[in-house]
Amino acid sequence: MEQNGPTYILTANCPSRSGTVDVLTRFLFESGCYVTELNSFDDAMEQRFFIRVVFRMENHGLLDEQSFCEGLSGRLKPFEMRWELTPSSYKPKVVIMVSKYDHCLNDLLYRYRTGNLEVDIRAVISNHPDLRSLTEWHQIPYHHFPITADTKPEQEAKVQKVLEDTDCELLILARYMQVLSEDMCARWSGKAINIHHSLLPGFKGAKPYHQAYNKGVKMVGATAHYVSDDLDEGPIITQGMETVDHTYTPADLAKKGMDVESLTLSRAIQFHIEKRVFLSKDKTIVFGRS
């Protein structure tokens, strides 16, 4: 339990109109709640309002969630507000997919083991056997499902079975080097996070860091985004960047890129599990941490 009692996260969005902040904060006040954090944003282009509130009970006790939700639902109905209440201590069930690169997986497992990533990792799935020992050292089940162009539907069916059996709520692609099918992307829209390098100018295909070296890039970075059926073009959650110079070899660029990828992916996951990310059509509204 937190020092001043458990906290709760209330997220909501609705069509833009007057009174949206007041109706939420007034209800919280009348319910004996104390607001510890509040972020809001009105998207003038889409005419939609977004709000995130963290609160606790004034008496440091437990919230009667059923009574609270029933009362709040009635109060918010005239505003056509979509809302969700989540205890801050809740750990979403996670499955990680990975291929051969281990830097992002290793970083996530370390954060998980040390309690710095508040999730419940239920399984790791890979199309290669290479990272089994790393995963099982953390006492997490490892599923090796090889894939070819001909076996892709069967492989994805096995993946989906694991996701269902583990009650997965968030799928993390930690350098999983396979393209998910359109059906898989649709099924996990807003619930699957991918990470990829961001080199300026962009270099796709094989050996991107060698391509970057040959062009003398001055920045390397990474982009974490929700998965979509448009490869590496899903709604962006967060990005990271580091400057480099002419002294960096392709290997140096790759090492720097891996560091940025690991940090950017973990930050995106943190934003997601803290309910800081809202989807607004093909983009995101992110209430980041200062």
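This tour moves through one sheet of a predicted model, the helices packed on that sheet, and a pocket beside some of its strands.

**The sheet as a whole**

Begin by selecting β1, β2, β3 and β4, which form an open sheet in the order β2-β3-β1-β4 with antiparallel pairing. Colour residues 33-43 and 82-87 separately: these are β2 and β4, the edge strands. Each of the two has a single partner strand, so one side of each is left without a neighbour in the sheet. On average, neighbouring strands here are turned by 10° against each other, direction ignored.

**β3 and its two partners**

Next, select residues 48-57, the strand β3, together with residues 7-15, the strand β1. Nine bridges join this antiparallel pair. Two positions in β1 serve as landmarks: L10 stands opposite V53 in β3, and N13 has F50 of β3 as its bridge partner.

Now replace β1 with β2 in the selection. β2 and β3 also pair in the antiparallel sense, over 10 bridges, and S40 can be found opposite I51 of β3. Follow the chain between these two strands, where the hairpin has four residues. Select Q47 there, which takes a positive phi near 55°.

Keep β3 alone and show its side chains. Are its residues buried or exposed? Of its 10 residues, 10 are buried. One side carries R48, F50, R52, V54 and R56, while F49, I51, V53, F55 and M57 are on the other, and both faces are covered. The buried set thus includes three arginines by name, R48, R52 and R56, on one face.

**The helices on the sheet**

Add residues 20-30, helix α1, which lies across β1, β2 and β3. The direction of α1 runs at about 15° to β3. Then add residues 65-76, helix α2, which packs on the sheet and touches β1, β2, β3 and β4. The direction of α2 makes about 160° with that of β4.

**The second largest pocket**

Finally, select I9, S88, Q270, I273 and E274, the residues nearest the centre of the second largest pocket. The volume of this pocket is about 530 Å³, and its lining comprises 24 residues. Which elements give two or more residues to that lining? They are β1, β2, β3, β4 and α8, the last spanning residues 250-273. Coloured by class, the lining shows six nonpolar, seven polar and 11 charged residues.

Notes: Residues are numbered from 1 along each chain as its sequence is written. This is a predicted model: local features need pLDDT of at least 70, side-chain atom pairs count only at pLDDT 80 or more; totals for chains, interfaces and linings use all residues. Side-chain values use heavy atoms; hydrogens and water are left out. Two strands pair if DSSP finds at least two bridges between them. Axes are lines fitted to C-alpha atoms, for helices over the stretch in contact, and angles run from 0 to 180 degrees between N-to-C directions. Contact means heavy atoms within 4.5 Å. On a 1 Å grid over the protein atoms alone, a cavity is a set of points where a 1.4 Å probe fits but cannot get out, and a pocket is an open set with protein on both sides within 12 Å along at least five of seven lines; lining residues have an atom within 4 Å of a point. Grid points are joined across faces, edges and corners, and a volume is the space filled by probe spheres set on the points. Ala, Val, Leu, Ile, Met, Phe, Trp, Tyr, Cys and Pro count as nonpolar, Asp, Glu, Lys and Arg as charged, and the others, Gly among them, as polar. Buried means under 20% relative accessible area, exposed over 50%, partly exposed in between (1.4 Å probe, protein chains only).
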